[in-house]
Amino acid sequence: MFLDIFTTILGVIYLLLEYRASIYLWYVGMLMPALDIMLYWDHGLYGDAGMAVYYLLAAVYGWYFWKFGKQKTVKGDFPISHMPLRTYLPAFAFFLLAWWGTYELLVHFTNSDVPVLDAFTNALSFVGLWALSRKYVEQWAFWLIVDAICCYLYVVKGIPFKAGLYGLYTVIAVAGYCKWWKMAVRQ
């Protein structure tokens, strides 16, 4: 129960920092998944535990990209923008491949009783984190889908605080999309 509550608090902090497009989100993004690995493993969400490893590594990448990326605004920040059309097909193809691969791993190497949804949220999270690391507005749309499904999964799996957090994430994803859209226009 402690990990559920503590990682939920970290998740709220992360979300607020992401909403503000603050680079500090990546520091929380390194700590939270390290703890989530244990939480998810204990509840049989092996795909999510594996995803937390990816989140940890992606947080290091995202921090580096935001800090040292080549495109900078006058203020020195990495700009918020929209996904170029040329990235949609490769992102979708990667999503499908990751969904299938994660599903196969869950079915053949774990006792997961939710492999389709667990693999789906993991695969779409790969794309969502990539889009976040590039500061694409559309990352919020990916998270909206992931968060709604994860909210359901965590209710089913008996992780109530995390379920509540992902319910909040779902609502904030809509607000984040609108805010980042406006921020992209201003830049």
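Me: How many salt bridges does the structure hold?
Reply: Two salt bridges, and keep in mind that this is a predicted model.

Me: What makes Asp-36 and Lys-162 a salt bridge?
Reply: Their closest N and O atoms are 2.9 Å apart, and the cut-off is 4 Å between a Lys or Arg side-chain nitrogen and an Asp or Glu carboxyl oxygen, so the pair counts. The two residues sit 126 apart in the chain, Asp-36 in helix α2 and Lys-162 in helix α7.

Me: Why is Asp-36 called buried?
Reply: Asp-36 has 3% relative accessibility, and buried means under 20%, so the label fits. Lys-162 comes in at 0%, so Lys-162 is buried too.

Me: What about Asp-113 and Lys-157, how do you know that they meet in a salt bridge?
Reply: N to O is 2.6 Å for that pair, and the limit is 4 Å, so it qualifies. Asp-113 lies in the loop between α4 and α5, and Lys-157 in the loop between α6 and α7, 44 residues apart.

Me: Is Asp-113 buried or exposed, and why?
Reply: Exposed, because its relative accessible area is 56% and the mark for exposed is over 50%. Lys-157, at 18%, counts as buried, because the line for that is under 20%.

Me: Which handedness does the crossing of α4 and α5 have?
Reply: Right-handed. The two helices pack at an angle of about 140°, with axes 8 Å apart. By class, their contact has 17 nonpolar, two polar and one charged residues.

Note on methods
Residues numbered from 1 in each chain as written. Predicted model: local features only at pLDDT ≥ 70, side-chain atom pairs only at ≥ 80, totals over all residues. Heavy atoms only, no water. Axes fitted to C-alpha atoms, helices over the stretch in contact; angles between N-to-C directions. Helix = DSSP H or I, 4+ residues; strand = E, 2+ residues; numbered from the N terminus. Left-handed = near helix turned anticlockwise from the far one by under 90°. Nonpolar A, V, L, I, M, F, W, Y, C, P; charged D, E, K, R; others polar. Buried < 20%, exposed > 50% of the residue type's maximum accessible area, 1.4 Å probe, protein only.
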